[in-house]
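User: Hi! I'm new to reading protein models. Could you walk me through this one with a few questions and answers?

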Amino acid sequence: MDFDALFQTQLDALRTEGNYRVFAELERKCGQFPRAASHDAATVRDVTVWCSNDYLGMGQHPKVTGAMCEAVTRCGAGAGGTRNISGTTHDHVLLEAELADLHGKEAALLFTSGYVSNWAALSTLGSRLKDCVILSDAGNHASMIEGIRHSRATKVIWKHNDVADLEAKLRALPANVPKIVAFESVYSMDGDICPMREIVEVAEKYGAMTYLDEVHAVGLYGPRGGGISEREGLAERITLIEGTLGKAFGVVGGYVTGSAALCDFIRSFASGFIFTTALPPAVAAAARVSVAHLKRSDVERKMQRRQVARVRAYLDNAGIPHMRNDSHIIPVLIKDPVKTKMLADYLMEEWGIYVQPINYPTVPKGTERLRITPSPLHSDADIDYLISALVMLWKQCAIARAVA
């Protein structure tokens, strides 16, 4: 059997649909974020990145890079294996304490990515709690969906951010079964923020555990960067808060926080923790410094909010349609996969602006978009240049403008 031919048939179908993904080859320039070098065939050119999840530029902050370099010199490059086999490094312990403090929890547990932390935690909770029912928001991330699926627990999907639908589904369940309400604070593609207080109150009413994914909010919201749950004063009422180190904190890795018993339970039973090589100590050291810095400094958050507001206002003035939300994520809707990629290519090739096209299956068909994430390190001149490029392309490509 010609397996390559089978692979190629499906890849060709993706290309025909306009959903084949092409990754830009970029080389980030330390200390110059959001600048990067784009490698294309034999040429290298400077571009400005407008779609990074390093939301605050902490991946190049001198404190963070300095901590990583110091730890490499002190400990070497790797962790030596799983924590079960090679032991827990001191840097892991310090970072977990920093994260538990960030969310006001007794304990935290590190994973190699936010995807793995969601997958491992939900699959463990759902499989180990007898007769567990997991109520999952319809907009939840693939990592949460996969964790729930792998758990083989009963899954109930409630309408996205619809508290009345959640309550109706909770009410229909037996009172004596363990229930987990799983949801996100900031949803990554539309940028909308959940009605957290109402969700928590309904979950408490029916004795359900709350599982909150804060990956697109940690570092960015709340007086110390604890996320929407900290901003709303709800962190102590949420059973488990999950986050990432790879977005606003600028490094890599994921984590869960909660009671000491909860974290120990996941540590003891989650295959995604037990059998995975631990994060390098240098990564843990860099992440701890980033978390600690953003607990004390609000400068980055304030400047980011200013630049987000500026981009939104300029898009409005230009009549370029974008989805309304209260977060830092600005989805500019194109609604056509071919046009979305064409616009992204034009921005890169003609203007030196990198914005990755977002197509199906990341978003539903018909909602294709450019996802813009302004940072505190984008200058006013960068914003002016971006808007000029978008206005020009909207004219050239005859894309519909927003109606005032």
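User: Let's start with Y20. Does Y20 count as buried, partly exposed or exposed?
Analyst: Happy to help, and do keep in mind that this is a predicted model. Y20 sits in the loop between helix 1 (3–17) and strand 1 (26–28). The class between buried and exposed runs from 20% to 50% relative accessible area. Because Y20 has 30% relative accessibility, this residue counts as partly exposed.

User: Y20 belongs to a nonpolar patch on the surface; about how much accessible area does the patch have together?
Analyst: Y20 shares this patch with M1, F3, L6, F7, L11, L14 and V22. Taken together, these residues have an accessible area of about 790 Å².

User: Now to V256. Is V256 buried or exposed?
Analyst: V256 is part of strand 10, which covers residues 254–258. The cut-off for buried is under 20% relative accessible area. V256 has 0% relative accessibility, so V256 counts as buried.

User: How far apart in space are V256 and A100, C-alpha to C-alpha?
Analyst: Along the sequence, V256 and A100 are 156 residues apart. In space, their C-alpha to C-alpha distance is 8.7 Å.

User: Let's look for enclosed space. What is the volume of the largest cavity?
Analyst: The count comes to 1 cavity of 30 Å³ or more. The space inside the largest cavity is about 90 Å³.

User: Which elements give two or more residues to the lining of that largest cavity?
Analyst: The lining of the largest cavity includes L110, F111, G272 and F273. By type, its residues divide into 5 nonpolar, 5 polar and 1 charged. The elements that give two or more residues to this lining are strand 4 (107–111) and helix 11 (271–274).

User: Next, the second largest pocket. Which element gives the most to its lining?
Analyst: This pocket has a volume of about 210 Å³. Helix 3 (83–86), strand 4, helix 10 (260–269) and helix 11 each give two or more residues to its lining. With 4 residues, the element that gives the most is helix 10.

User: And how many residues of the lining of the second largest pocket are charged?
Analyst: Among the residues of this lining are R83, E96, D264 and R267, and Asp, Glu, Lys and Arg count as charged. The lining also has 5 nonpolar and 3 polar residues. The number of charged residues is 4.

Definitions and conventions
Residues numbered from 1 in each chain as written. Predicted model: local features only at pLDDT ≥ 70, side-chain atom pairs only at ≥ 80, totals over all residues. Heavy atoms only, no water. Patch = residues over 30% accessible without salt bridge, like charges linked within 9 Å, V, L, I, M, F, W, Y side chains within 5 Å. Areas by Shrake-Rupley, 256 points an atom, 1.4 Å probe, with all protein chains shown as cover. Salt bridge = Lys/Arg side-chain N within 4 Å of Asp/Glu carboxyl O. Buried < 20%, exposed > 50% of the residue type's maximum accessible area, 1.4 Å probe, protein only. 1 Å grid on protein atoms, 1.4 Å probe; cavity = no way out; pocket = protein on both sides within 12 Å on 5 of 7 lines; lining within 4 Å. Points joined across faces, edges and corners; volume = space filled by probe spheres on them.
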